[in-house]
Amino acid sequence: VHIYDLHERVICSGRRRSGYFAKEVIKESKGLKKDVGRTRIRLSKSQAEVFPLVLDYLYYSKEADDMLSVDRSCDLYILSGHLEIPKIQTSIADFYYHYICFENMRRFLNCASNHGAHYLVNVSRSKIAQLLMEYPESATLIRPKLLISITNVMNKYRWRPYHGNRQLHRRDKQTPLDPGLR
């Protein structure tokens, strides 16, 4: 069990606020919480490992940038969704889009789909589609089933590639673009 003493004004207000913690503070101020002054969160082991990265973000630290890997990014993406911090999710999507290539695409896609991060799966597909447009001869490197799903996404949504630094909409966080992902 880890206990963190956090500053209410830092985590509940400003551009880098957590919607989850802000709601907890409101509940406390209205007398709806039993345990006043303390918010408990149950995290999986992998989410507990990336929770300090969330705190680094909330407290404006830049140390977290060097500590990101594919696996940690998925855990951080899911945790930031639960804590209602969309800017972290946008940064993770940018990380995915920036670093995915033909050599590591399977790892990125597997990690995102194993974590249920549908938006990251679609960002990956978008990047792979862009790479295929630039290097069509590389289509032989991609499994046929994945190639078909990328083509379907491109056709169904009139090829709107992810360009990074875009705020996520509520639909993007929870609903996959491709109904076959569920």
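In this predicted model, the charged end of Lys127 sits over the ring of Tyr97, at 4.7 Å from the ring centre. That is a nice place to start looking, and the neighbouring stretch of sequence has further rings to visit.

Counting rings that pair with one another gives four aromatic pairs. One of them joins Phe95 and Tyr96: their centres are 6.5 Å apart and their planes meet at 65 degrees, an edge-to-face arrangement. Phe95 and Tyr96 are both buried. Now follow Tyr96 to Phe108, where the ring centres lie 4.7 Å apart; the planes stand at 85 degrees, and since planes over 60 degrees apart count as edge-to-face, this pair is edge-to-face too. Tyr96 belongs to helix H5 (residues 86-99) and Phe108 to helix H6 (residues 105-114), so their pairing ties together parts that are 12 residues apart in sequence. Phe108, like Tyr96, is buried. Step back, and you can see ring pairs linking Phe95, Tyr96, Tyr99 and Phe108 into a cluster.

Helix H5 also has a partner in helix H4 (residues 70-82): the two axes come within 9 Å and cross at roughly 155 degrees. Which way do the helices run relative to each other, parallel or antiparallel? Angles over 145 degrees count as roughly antiparallel, so H4 is roughly antiparallel to H5. Their crossing is left-handed. On the H4 side, the contact is made by Val70, Ser73, Cys74, Leu76, Tyr77, Ser80 and Gly81, while H5 contributes Ile88, Gln89, Ile92, Phe95 and Tyr96. Phe95 and Tyr96 thus turn up again: they take part in the contact with H4 and they belong to the ring cluster.

Terms used. Residues are numbered from 1 along each chain as its sequence is written. This is a predicted model: local features need pLDDT of at least 70, side-chain atom pairs count only at pLDDT 80 or more; totals for chains, interfaces and linings use all residues. Side-chain values use heavy atoms; hydrogens and water are left out. Rings of Phe, Tyr and Trp (its six-membered ring) pair if their centres lie within 6.5 Å; planes under 30 degrees apart count as stacked, over 60 as edge-to-face and the rest as tilted. Buried means under 20% relative accessible area, exposed over 50%, partly exposed in between (1.4 Å probe, protein chains only). Helices (H or I, at least four residues) and strands (E, at least two) are DSSP runs, numbered from the N terminus. A charge sits over a ring if NZ of Lys or CZ of Arg is within 6 Å of the ring centre and within 35 degrees of the ring normal. Axes are lines fitted to C-alpha atoms, for helices over the stretch in contact, and angles run from 0 to 180 degrees between N-to-C directions. Angles under 35 degrees count as roughly parallel, over 145 as roughly antiparallel, 65 to 115 as roughly perpendicular and the rest as oblique. A crossing is left-handed if the near helix is turned anticlockwise from the far one by less than a right angle, and right-handed if clockwise. Contact means heavy atoms within 4.5 Å.
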